[in-house]
Amino acid sequence: MINALLLILVIVIILVIIKAFIISCKLYTGSNESMYTKPQTDKQLAQIIKHADTTEYSNLCLLLQRFAKINCGKYYKSIVADLLKKYTNDSSLYKKFWKHKSLNMYKENVFILDDYIKTCKEYKDFDKKSVVLDIGCGSGLKIARIGYLLELPKANINAIDIEGWSVNFNRSNAISFVSMKIGDKLPYESNLFDLITIFMALHHIDNHNDMIKEISRCLKSDGICIIREHDVLNNIDSMLCDVEHLAYEYSNDDFKLNKFKKINYKSKQEWKELFKNNNLTSKHSAFKTNKLLISPTRIYHEIFQKSQL
């Protein structure tokens with residue numbers, strides 16, 4: 001009897017180890033390009049459906065609901081499958097997204113920054129002489145809100161974006177804006193800023209380490225950096241992030257799928273290591289949630305502080 005129980009226990013342990021191995025393999029498929037299907041194939045959605053688990057199916061459904069106002073409910077698997085049958089390629093479905101786009105698709109929730117700044121003040125004192133910068137500023141509303149929260153004059157509220165990007169934005173008059181070219185260093189002196197923010201922009205930069213090194217250079221010795229990024233663990237996560245980006249891209253009438261550039265996603269841990277290697281220590285992080293559910297593309301924010309030398 002005891003031998004039989006021991007045998008059952010050994011079998012259970014082996015099965016648990018095998019399952020853990022399978023899960024770990026899935027988590028680290030980011031380095032295996034065989035599953036990743038480029039958007040240019042126009043068949044990326046089908047690849048997600050083919051390989052996604054239940055959670056990943058649900059995340060795709062949430063993206064569809066967000067952009068196309070499709071209420072999938074508990075039948076999301078069959079509804080997604082029916083959509084793919086009706087729209088035989090990705091581009092036709094993305095155009096469907098834009099036709100039924102949400103009016104809030106481009107709305108910036110600047111009030112979430114209130115919590116960010118409140119947390120930052122736990123690690124650093126700010127005053128009216130503090131100087132701040134937002135990299136990849138878009139409309140400038142986010143950094144304008146931060147300037148307001150810190151009660152800063154316009155001269156101390158700085159914003160920068162790639163030359164020619166976001167040209168349709170009517171940038172806030174409450175900021176000092178400059179443009180830069182791709183690959184340029186930040187056009188600021190060293191040890192200048194008390195706070196630098198970079199929201200959903202790092203993954204669009206080719207050389208992450210160079211940019212983070214520049215951020216570290218421009219921060220004061222106890223300066224703070226806040227990032228918002230995707231925590232991408234595998235190729236399904238990468239493709240779901242592509243879906244989100246493409247839904248926005250198809251809002252441009254002149255967008256061509258073959259011009260879509262591969263985006264350099266990383267995991268939360270990989271971002272953390274890059275910042276650590278550039279003298280920036282993680283102080284706080286949290287995922288963006290809705291009713292306790294992490295966002296479909298695993299968006300989170302993290303606060304880093306430059307070590308005092």
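The paragraphs below go through a predicted model of one protein chain, beginning with the chain as a whole and ending with single residues.

The protein chain has 309 residues, and 46% of them are buried. Its secondary structure consists of ten helices and nine strands. The surface that the chain exposes comes to about 17,200 Å², and carbon and sulfur atoms supply 56% of that area. Contacts can also be sorted by how far apart the partners are in sequence. Among contacts with a separation of 6 or more, 72% are between residues 24 or more positions apart.

The sheet is a convenient place to start. Strands of a sheet pair through backbone hydrogen bonds, and the pairing can be parallel or antiparallel. In this model seven strands form an open sheet, and its pairing is mixed. Read across the sheet, the order of the strands is E3-E2-E1-E4-E5-E9-E6. Strand E3, residues 176-180, and strand E6, residues 280-287, are the edge strands, and each of them pairs on one side only. From one strand to the next, the twist averages 20°.

Within this order, consider E1 and its neighbour E2. Strand E1 covers residues 132-135 and strand E2 covers residues 157-162; the two run parallel and are joined by four bridges. Two residues of E1 show how the strands line up. Aspartate 134 stands opposite alanine 159 in E2, and isoleucine 135 stands opposite isoleucine 160 in E2. Is E1 covered on one face or on both? Both faces of E1 are covered: Val132 and Asp134 are buried on one side, and Leu133 and Ile135 are buried on the other.

Helix H7, residues 141-149, is part of the surroundings of this strand. The buried residues of H7 are Lys142, Ile143, Ala144, Arg145, Ile146 and Gly147. These buried residues pack against strands E1, E2 and E4, and also against helix H6, residues 113-120. After H7 comes glutamate 151, which has a positive phi, near 60°.

Further along the sheet order are E4 and E5. Strand E4, residues 193-199, runs parallel to E5, and six bridges join the two. One of the pairs is formed by threonine 197 and its bridge partner in E5, isoleucine 226. Why is E5 described as largely enclosed by the rest of the structure? The reason is that nine of its twelve residues are buried.

Glycine 223 belongs to strand E5. It is buried, with a relative accessible area of 0%. If neighbours within four places in sequence are left aside, glycine 223 is in contact with Lys124, Phe193, Asp194, Phe304, Gln305 and Lys306. The C-alpha atoms of glycine 223 and valine 132 are separated by 9.8 Å, although these residues are 91 residues apart along the chain. Helix H10, residues 268-277, lies across E5 (219-230), E6 and E9 (299-306), and runs at about 15° to E9.

The helices also meet one another. The axes of helix H2, residues 44-51, and helix H9 come within 10 Å and cross at roughly 145°. This crossing of H2 and H9 is left-handed. On the H2 side the contact is made by Gln44, Leu45, Gln47, Ile48 and His51, and on the H9 side by Ile236, Met239, Leu240, Asp242, Val243 and Leu246. Sorted by class, the residues in the contact of H2 with H9 are seven nonpolar, three polar and one charged.

Helix H9, residues 235-249, also holds glutamate 244. Is glutamate 244 buried or exposed? Glutamate 244 counts as buried because its relative accessible area is 8%, and buried means under 20%. Measuring C-alpha to C-alpha, glutamate 244 and threonine 297 are 7.8 Å apart in space, while in sequence they are 53 residues apart.

A last residue to look at is asparagine 59, which lies in helix H3, residues 54-68. Asparagine 59 is buried as well, with a relative accessible area of 13%. Apart from its neighbours within four places in sequence, asparagine 59 is in contact with Leu240 and Pro296. Leu240 is also one of the H9 residues in the contact with H2.

Notes: Residues numbered from 1 in each chain as written. Predicted model: local features only at pLDDT ≥ 70, side-chain atom pairs only at ≥ 80, totals over all residues. Heavy atoms only, no water. Pairing = 2+ DSSP bridges. Axes fitted to C-alpha atoms, helices over the stretch in contact; angles between N-to-C directions. Contact = heavy atoms within 4.5 Å. Buried < 20%, exposed > 50% of the residue type's maximum accessible area, 1.4 Å probe, protein only. Areas by Shrake-Rupley, 256 points an atom, 1.4 Å probe, with all protein chains shown as cover. Left-handed = near helix turned anticlockwise from the far one by under 90°. Nonpolar A, V, L, I, M, F, W, Y, C, P; charged D, E, K, R; others polar.
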